Amino acid sequence: MSQDCIFCKIVKGDIPSNKIYEDDELIAFHDIHPIAPVHFLIVPKRHIESLLTCEAQHQALLGKIMLLAPKLAMEQGLKGFRSMINTGREGGQEVFHLHVHVFGGGETLPRT
Ligand code: 5GP
Ligand code: ZN
């Protein structure tokens with residue numbers, strides 16, 4: 001738990017979220033500002049700042065996130081989706097608690 005981290009507060013339940021999945025290591029909830037008809041975030045419960053601070057010990061957790069993405073996407077009614085990880089300020093990261101965006105629905109997403 002990192003103080004002042006918005007996703008740690010969501011994990012703790014101090015800030016409400018529209019949760020779609022939870023287990024002992026991960027939580028997934030809808031993004032508050034969706035960029036597609038379906039847009040959710042998969043977030044490790046443990047505070048990890050970004051991909052830049054991931055190490056070999058996080059390998060299984062990262063794999064678990066990637067395998068969860070299609071499962072939840074299908075549950076949300078998507079037939080395809082885009083996944084995105086913003087890393088570092090230059091990578092467009094705004095919340096410095098690792099998360100994978102999963103979004104889709106509606107029109108086919110543009111190529112980039
Ligand atoms: P980043 O740019 O760090 O990859 O994206 C952070 C994402 O978190 C943004 O898409 C933003 O809309 C979402 N977000 C920020 N604060 C909250 C919040 O309090 N609740 C939810 N559900 N999403 C949030
Ligand atoms: Zn955090």
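Cysteine 54 counts as buried in this predicted model, because its relative accessibility is 18%, and the cut-off for burial is under 20%. The closest cysteine sulfur belongs to cysteine 5. It lies 14 Å from the sulfur of cysteine 54, too far for a bond. A disulfide needs two cysteine sulfur atoms within 2.5 Å. The whole structure contains zero disulfides.

Cysteine 5 instead appears at the zinc ion (ligand 2), where its SG atom is a donor. The other protein donors are Cys8 (SG), His47 (ND1) and His97 (ND1). Donor distances run from 2.0 to 2.3 Å. The angles among the four donor atoms are 106 to 116 degrees, and the site is tetrahedral. For four tetrahedral donors, the ideal angle is 109.5 degrees. Along the sequence, the donor residues follow the spacing C-x2-C-x38-H-x49-H. Cysteine 8 sits in helix α1 (residues 6-12), while histidine 97 sits in the loop between β4 (82-84) and β5 (100-104), so this pair ties together parts that are 89 residues apart in sequence. Both cysteine 8 and histidine 97 are buried. For cysteine 8, the relative accessibility is 2%.

Ligand 1 is surrounded by 16 residues. The closest are Asp31, Glu94, Val95, His99 and His101. Oxygen atoms of ligand 1 also pair with N or O atoms of the protein. In the side chain of asparagine 86, such an atom lies 2.9 Å from a ligand 1 oxygen. A backbone N or O atom of glycine 92 is at 2.9 Å from a ligand 1 oxygen. For a backbone N or O atom of glutamate 94, the distance is 2.7 Å. Taken alone, ligand 1 exposes 520 Å², of which the protein buries 86%.

Terms used:
Residues are numbered from 1 along each chain as its sequence is written. Chains are lettered from A and ligands numbered from 1 in the order in which they are written. This is a predicted model: local features need pLDDT of at least 70, side-chain atom pairs count only at pLDDT 80 or more; totals for chains, interfaces and linings use all residues. Side-chain values use heavy atoms; hydrogens and water are left out. Donors are N, O and S atoms within 2.8 Å of the metal (3.2 Å for Na, K and Ca); water is not among the atoms, so sites may look incomplete. Four donors count as tetrahedral if all angles lie between 85 and 135 degrees; four count as square planar and six as octahedral if opposite donors are over 155 degrees apart and all others between 65 and 115; anything else is irregular. Helices (H or I, at least four residues) and strands (E, at least two) are DSSP runs, numbered from the N terminus. Buried means under 20% relative accessible area, exposed over 50%, partly exposed in between (1.4 Å probe, protein chains only). A residue is near a molecule or strand if one of its heavy atoms lies within 4 Å of it. A polar contact is a pair of N or O atoms within 3.5 Å; within protein, one must be able to donate a hydrogen and the other to accept it, and residues adjacent in sequence count only if both atoms are side-chain atoms. Accessible areas come from the Shrake-Rupley method with a 1.4 Å probe; for residues, only the protein chains shown count as cover.
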